[in-house]
Amino acid sequence: MPPKRAASTSKRKASPDDTDNEAPAVPKRAKASSASVARYSDQPTNKVLPVTISFPPKAENTLRFSTWNIAGLAASQKKGFKNYIEAEDPDILVLNETKVNDVPVDPALDARYPYAYWSISAKKTYAGTAILSKIEPLSVDKTLPGHPDPVSVKGRIITLEYTGCYVIATYVVNAGQNLKTLNEKNVWNTHFTTYIRALDKKKPVIWLGDLNVAPTEIEDLSNAKRNWNKTPGYTKDETEAFANILNPPESAPDSSKFVDVWRQRNPDTGHYTYFSYRFNCREKSLGWRLDMFVLSERIVDKVKMCEIRSEIYGASDHCPLMMDIDTSILEAGDSLSVAATTESS
């Protein structure tokens, strides 16, 4: 059954979960600039999921990936979560901010995705990342090597290894209100940069999820000047760390480049993946592009499609992002589900 439509005039009060530093802050008197409205004017402004959801089928010989910050699995399931999953039917689905305390029991998800990996935060009802896959990986890891606080990493990263590539799902640390956890974010970025470069030296990488950064002021967030070095996700430290992964500095001469796929394919487009529930941000086009696919440069030509599912809003304050890529990225043996899986806790 499709989810019930919420009244368009209903208001949602901020709960503790809205202010736990897991999303960019929005000024109380937030206003949409004329440039923001013009840039985003061709995008939907619905506040609940459509009654009917359908997408074109994927092309032959492609794999479909989807990443979605669901802002709590339990809450999202009440607002149409499964309707999107059934319509998109990705081969590999990444979920962020699951807020689960145990591995969920969901027969429908289990039937669709026989290989399900949940990284659960040590803190109750907080963070959480999952990869649900139709394809069995060679190995699974839920750690960030070298990080000095492994407990804080729980719920934020999962890496699957396939014959032809690595898939890294992350729910990246947030710099926090008033940037109070920016130091923790910098520690994460330092170790993650080392990690993704090390994996890339072995085989190509597909990195996806809520990366909690707006890379540049050009089209990646509203009111960039007002937010610069004041709001989590758009500070000098965070944007430089992301830029140094895409284009390694001279101090890392042996590191290869990565590509922000959606931005490469839409260089001048201002579409966002996150809109706060507060202050009518969706209606005012006040958003951020936080959810991404970042690929090793040498495999970007295998991407066939990458789209923000802008109409899928209301089951979460984020919209899903999908990507179709040539099946050769995994190599033929990975589709047979015969590899023995090893898992790191």
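**Notebook: charged pairs, strand S7 and some single residues**

I began with Lys236, which counts as partly exposed because its relative accessibility is 41%. The model I am reading is a predicted one, so every entry below concerns computed values from that prediction. The side chain of Lys236 meets that of Glu240 in a salt bridge, with 3.0 Å from N to O. Both residues belong to helix H8 (residues 236-246), where they stand four residues apart, about one turn of the helix. I then looked up Glu240 as well, and with a relative accessible area of 39% Glu240 is partly exposed.

**Other salt bridges**

I next asked how many salt bridges the count comes to, and the number is 16. Among them I looked at Glu88 and Arg64, whose side chains meet with 3.0 Å between N and O. This pair links distant parts of the chain, since Glu88 sits in helix H3 and Arg64 in strand S1 (residues 62-69), 24 residues apart. I checked the burial of both partners, and Glu88 and Arg64 are each buried. I also followed the pair outward and found that Arg64 and Glu88 are linked with Glu307, Arg309 and Asp324 in a network of salt bridges.

A further pair I looked up is Asp260 with Arg289, a salt bridge in which the closest N and O atoms are 2.7 Å apart. Asp260 lies in strand S9 (residues 258-260), while Arg289 lies in the loop between helix H10 (281-284) and strand S10 (291-296), so this salt bridge ties together parts that are 29 residues apart in sequence. Here too I find both partners buried, Asp260 as well as Arg289.

**Two aspartates in loops**

Which side chain of opposite charge is nearest to Asp106? I find that it is Lys82, at 8.4 Å, and that Asp106 is buried yet has no salt bridge. I place Asp106 in the loop between S2 and helix H4 (107-112). What I do find for the side chain of Asp106 is a polar contact of 3.1 Å with the side chain of Gln77.

I then turned to Asp220, in the loop between S8 and helix H7 (224-227). At 1% relative accessibility, under the 20% limit, Asp220 counts as buried. I also noted its distance from Thr269: the two residues are 49 apart in sequence, and their C-alpha atoms are 8.7 Å apart in space.

**Strand S7 and its neighbours**

Why do I call strand S7 (residues 166-171) largely enclosed by the rest of the structure? Six of its six residues are buried, and I take the description from that. Going along the strand, I see Tyr166, Ile168 and Thr170 pointing one way and Val167, Ala169 and Tyr171 pointing the other way, with all of them buried.

I looked up the pairing of S7 with strand S6 (residues 157-161), which is antiparallel and runs over five bridges. S6 and S7 form a hairpin in which four residues lie between the two strands. Within this pairing I found Ile168 of S7 as the bridge partner of Thr159.

With strand S8 (residues 205-210) the pairing of S7 is parallel, and six bridges join these two strands. Ala169 of S7 stands opposite Leu208 in S8. Taking in helix H6 (residues 182-202) as well, I read S7, H6 and S8 as a right-handed β-α-β unit.

**Positive phi values**

Most residues other than glycine have a negative phi, and I therefore searched for exceptions with this background in mind. One of those I noted is Asn178, which is not a glycine but has a positive phi of about 60°. Asn178 lies in the loop between S7 and H6, and at 74% relative accessibility it counts as exposed.

Asp89 also has a positive phi, near 50°, and is a residue other than glycine. Its place is in the loop between helix H3 (81-88) and strand S2 (92-96). At 30% relative accessibility, Asp89 counts as partly exposed.

**Cysteines**

How many disulfides does a search of the whole structure find? My entry for this is zero. I looked up two cysteines for their accessibility: Cys165 is buried, at 0% relative accessibility, and Cys281 is buried with a relative accessible area of 0%.

Methods
Residues are numbered from 1 along each chain as its sequence is written. This is a predicted model: local features need pLDDT of at least 70, side-chain atom pairs count only at pLDDT 80 or more; totals for chains, interfaces and linings use all residues. Side-chain values use heavy atoms; hydrogens and water are left out. Buried means under 20% relative accessible area, exposed over 50%, partly exposed in between (1.4 Å probe, protein chains only). Two strands pair if DSSP finds at least two bridges between them. A crossover is right-handed if, with the strands pointing away from the viewer, the path from the first strand over the helix to the second runs clockwise. A disulfide is a pair of cysteine sulfur atoms within 2.5 Å. Lys and Arg count as positive and Asp and Glu as negative; His and the chain ends are not counted. A salt bridge is a side-chain nitrogen of Lys or Arg within 4 Å of a carboxyl oxygen of Asp or Glu. A polar contact is a pair of N or O atoms within 3.5 Å; within protein, one must be able to donate a hydrogen and the other to accept it, and residues adjacent in sequence count only if both atoms are side-chain atoms.
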